[in-house]
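This report looks at the empty spaces in a protein and at the place of its ligand. Please look over the sequence and the structure before reading on.

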Amino acid sequence: MTDPAGITPEQKMQFLFQLRQKGVMDSRVLTAMEKTDRGAFVRGHFATRAYEDMPLPISSGQTISQPSVVGLMTQALDVQPRDTVLEIGTGSGYQAAILSQLARRVYTIDRHRNLTREAEVVFTRLGLVNVTVLTRDGSFGLPDQGPFDRILVTAAAEDPPGPLMQQLKVGGVMVVPVGQSDTVQSLIKVTRNDAGFDYEEIMPVRFVPLMEGIARD
Ligand code: SAH
């Protein structure tokens, strides 16, 4: 992937500085984020703010997450080069584009066809050939493609969805925001071992809820 177009070296330095300041230390994650032009995933006049550390609106009333949160989630997921990764909540496709540089293969799914269609266009334009985008209800995962080494959920569930737990390999990791309300959520790291699952709380977060079914758009 080429360098982000249209941003100054100062903007890029500031972007990386903010990521480090918020705790993104993994050099592979920082390199992947440095190479991924967030501006390619944001439409209209918000594109000028793509290098600020804030969430921004995208189509279908959804949001592209804050870069530092993307960085911290990716870091917690600890993706290895041979991994197959499932992402629930394609949104703009920004997170999937970062994962595609760290993993062998990425499946990303969203319930809005509008979003998956737009994301696919950007992946093609950027030459990201190891990402597959599908329109599905992500709560059920992708049983035909699993089990997965890593699963990243970018919408908040009340509990980690059962089908996703089942589609995690032994030794695999799932990172998922969990919470009963829109305001109080925790990012949880779930690791599957021979006997069951280990849970680790990472940080408080705020994501849109994981919704049931496929959306109309
Ligand atoms: N990862 C995205 C941001 C995700 S926003 C990015 O990098 O831009 C959360 C996304 O989760 C929204 O696009 C929403 O449509 C999607 N979503 C919510 N519930 C879902 C479900 N059950 N299945 C699939 N996608 C879902």
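## The largest cavity

The lining of the largest cavity consists of four nonpolar, two polar and two charged residues. This is a predicted model. The residues that line the largest cavity are Phe41, Arg43, Ile58, Gly91, Ser92, Leu115, Glu118 and Ala119. By class, Phe41, Ile58, Leu115 and Ala119 are the nonpolar members, Gly91 and Ser92 the polar ones, and Arg43 and Glu118 the charged ones.

The space inside the largest cavity is about 50 Å³. How many cavities of 30 Å³ or more are there? The count is two.

## The second largest cavity

The second largest cavity holds about 30 Å³ of space. Around this space lie Asp26, Arg28, Val29, Thr74, Gln75, Asp78, Val79 and Leu102. Helix 2 (27–35) and helix 3 (67–77) are the elements that each give two or more residues to this lining.

The lining of the second largest cavity divides into three nonpolar, two polar and three charged residues. Here the nonpolar residues are Val29, Val79 and Leu102, and the polar residues are Thr74 and Gln75. The charged residues are Asp26, Arg28 and Asp78.

## The ligand and its shell

Where is the ligand found? The ligand takes up the space of the largest pocket. There are 27 residues around the ligand, and those that come nearest are Ser92, Asp110, Asp137, Gly138 and Met211. Ser92 thus appears in two lists, since this residue is also part of the lining of the largest cavity.

The shell around the ligand is made up of nine nonpolar, 13 polar and five charged residues. At least two shell residues come from each of strand 2 (63–64), helix 4 (94–102) and strand 4 (105–110). Asp110, one of the residues that come nearest to the ligand, falls within the range of strand 4 (105–110).

## Polar contacts of the ligand

Which residues place an N or O atom close to a nitrogen atom of the ligand? One is glycine 89, where a polar backbone atom is 2.9 Å from a ligand nitrogen. In aspartate 137, an N or O atom of the side chain is 2.9 Å from a nitrogen atom of the ligand. In methionine 211, a backbone N or O atom lies 2.6 Å from a ligand nitrogen. These pairs count as polar contacts because the cut-off is 3.5 Å.

Taken alone, the ligand exposes 580 Å², and the protein buries 99% of that area.

How values were computed: Residues numbered from 1 in each chain as written. Predicted model: local features only at pLDDT ≥ 70, side-chain atom pairs only at ≥ 80, totals over all residues. Heavy atoms only, no water. Near = heavy atom within 4 Å. Polar contact = N/O pair within 3.5 Å; in protein donor to acceptor, adjacent residues only side chain to side chain. Areas by Shrake-Rupley, 256 points an atom, 1.4 Å probe, with all protein chains shown as cover. 1 Å grid on protein atoms, 1.4 Å probe; cavity = no way out; pocket = protein on both sides within 12 Å on 5 of 7 lines; lining within 4 Å. Sits in = over half its atoms within 2 Å of the grid points. Helix = DSSP H or I, 4+ residues; strand = E, 2+ residues; numbered from the N terminus. Points joined across faces, edges and corners; volume = space filled by probe spheres on them.
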